[in-house]
Amino acid sequence: EGRGGGEAAGGGEGGASGFVSLEVPPSAAATADATLLLTAGLRAEGVKDERAKFAPLHALLYGPLVLATLTPGPRALRVNPPSAGALPGRVGSAGWEWVHPLPEAARSELVTLRLLSTTDWSSGSGSSGQQAHQRTVLVHTGSGRPAAFAHAPPLPPNRTRAGGSDALHAATFRLAFAPAVSILAGTATPAMGFVHAHRVAALAEGDAVVLEPFDLPGSTLVARRLSWEEWRERALRQPDGEGCLLQAFTPPQVWVAHADGTRNFIPRPSESCKGRAALFSNVQALRKRDGPAEMFALDDAQSRAACARLSPCVVSADGRSLDDAQSFAPLLASLASPPVDTLVLELRPASPTPPPTTAAGGAGGQTDPAEERGAEQWWLARLDGARGLRLESAAHR
């Protein structure tokens, strides 16, 4: 803004020159007091590459800053613009309905959930329980995959910049009264506000809430009952260092074979480890555990433990097939009696609104089976003073 008759001219929004000039009349030059206010806004710029395959790529900027983050894996934000052309230059114009600003108070919805055991909670020793589990947090492992408790991820080593990491984002959840899909379903006002108000308020005991991953909006953490087949399949997937030992080739190489038909590699086995492993000529029949979230080769500590603890596999007379019944006898025996009720926590697309029985609290702690698929995504918040927050699945109380 200019005072003393000054007038800004030049670049403006998206100006080609990138410069702004402030013209002050000669009569006011001696006493002019001018203030130039440059406000940052969210905008998009197309990639400066004339090749057709790069035409859809855009960079998001907030003022002069490119909005980017460091990640070890590929991430893509896919947008369907109203036309085949480039995105409009600034948020608020047509074509930007998929972007919604959040109030500053929305930061208070972000939480990291630390493990507090049921024993610690019921006995009233919440502080000691928190101390024992202070480094154990809930993390998600991707859409459709089970969540898990793991050691709290370290902070980024570079302290000169604010930001996180993929591991920190996976341990950060949005604890809120509605999933993002119910908010983003609203129509933006001219001022880019919400028709569905973004409710940020203190939780009260018994509130219906969702747990939505910070880096996967539109998904919620679901408590789901496992079928017998799913439970058995998961139980057969032993940890990388559990199973039996086998060897092949010359000089001998050693693997840990698992009940689910997979294997892990022991890179530097001792001579005694090689001697204990059963000779197996069809090792390629066992799938490598080398997927995106797997590590095929055991580290030194895992290798030493496996060589010291595991027994040799039992193989057929011709050395080409494993005898599962004998090689994994203790594990298979434990699967004879299925559990009464086993739950798994995993990410699913969010249900926009809570089922009626969830919002009303249900009858006797139960939900109608017809509504369970929606209810399983909603949680009831139970507050316990200064000790923390307890979440109960609305479908499986």
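**Exercise 1. State the pattern that the disulfides of the chain follow, with bonded cysteines counted along the chain, and identify the pairs.**

Solution. In this predicted model, the disulfides follow the pattern 1-4, 2-3 when the bonded cysteines are counted along the chain. The structure holds 2 disulfides. One of them joins Cys244 to Cys313, with an S to S distance of 2.0 Å, and another is formed by Cys273 and Cys307, whose sulfur atoms are 2.1 Å apart. Both pairs can be checked against the criterion for a disulfide, which asks for cysteine sulfur atoms within 2.5 Å.

**Exercise 2. Work out the handedness of the disulfide between Cys244 and Cys313, and say which parts of the chain the pair ties together.**

Solution. Begin with the torsion about the S-S bond of Cys244 and Cys313, which is about 95°, so the disulfide is right-handed. Next, place the two residues: Cys244 belongs to strand β12 (residues 244–248), while Cys313 sits in the loop between α7 (300–309) and α8 (324–327), and the pair therefore ties together parts that are 69 residues apart in sequence. Finally, consider accessibility, for which buried means under 20% relative accessible area. Cys244, at 1% relative accessibility, counts as buried, and Cys313, at 6%, counts as buried too.

**Exercise 3. Carry out the analysis for the disulfide between Cys273 and Cys307, covering handedness, location and burial.**

Solution. The torsion about the S-S bond of Cys273 and Cys307 is about -70°, so this disulfide is left-handed. As to location, Cys273 lies in helix α6 (residues 271–276) and Cys307 in helix α7, so that the pair ties together parts that are 34 residues apart in sequence. As to burial, Cys273 has a relative accessibility of 1% and counts as buried, and Cys307, with a relative accessibility of 12%, likewise counts as buried.

**Exercise 4. Describe the open sheet of 5 strands, explain why one side of β6 and of β19 is without a neighbour in the sheet, and give the bridge partner of Leu380.**

Solution. First, write down the order of the open sheet of 5 strands, which is β6-β9-β10-β18-β19, with antiparallel pairing. Then turn to the edges, where β6 (110–111) and β19 (389–393) stand: each has a single partner strand, so one side of each is left without a neighbour in the sheet. For β19, the order of the sheet places β18 beside it, and strand β18 (residues 379–383) is joined to β19 by 5 bridges, the two strands running antiparallel. As the last step, look up the bridge partner of Leu380 in β19, which is Glu392.

Notes: Residues are numbered from 1 along each chain as its sequence is written. This is a predicted model: local features need pLDDT of at least 70, side-chain atom pairs count only at pLDDT 80 or more; totals for chains, interfaces and linings use all residues. Side-chain values use heavy atoms; hydrogens and water are left out. Two strands pair if DSSP finds at least two bridges between them. Helices (H or I, at least four residues) and strands (E, at least two) are DSSP runs, numbered from the N terminus. Buried means under 20% relative accessible area, exposed over 50%, partly exposed in between (1.4 Å probe, protein chains only).
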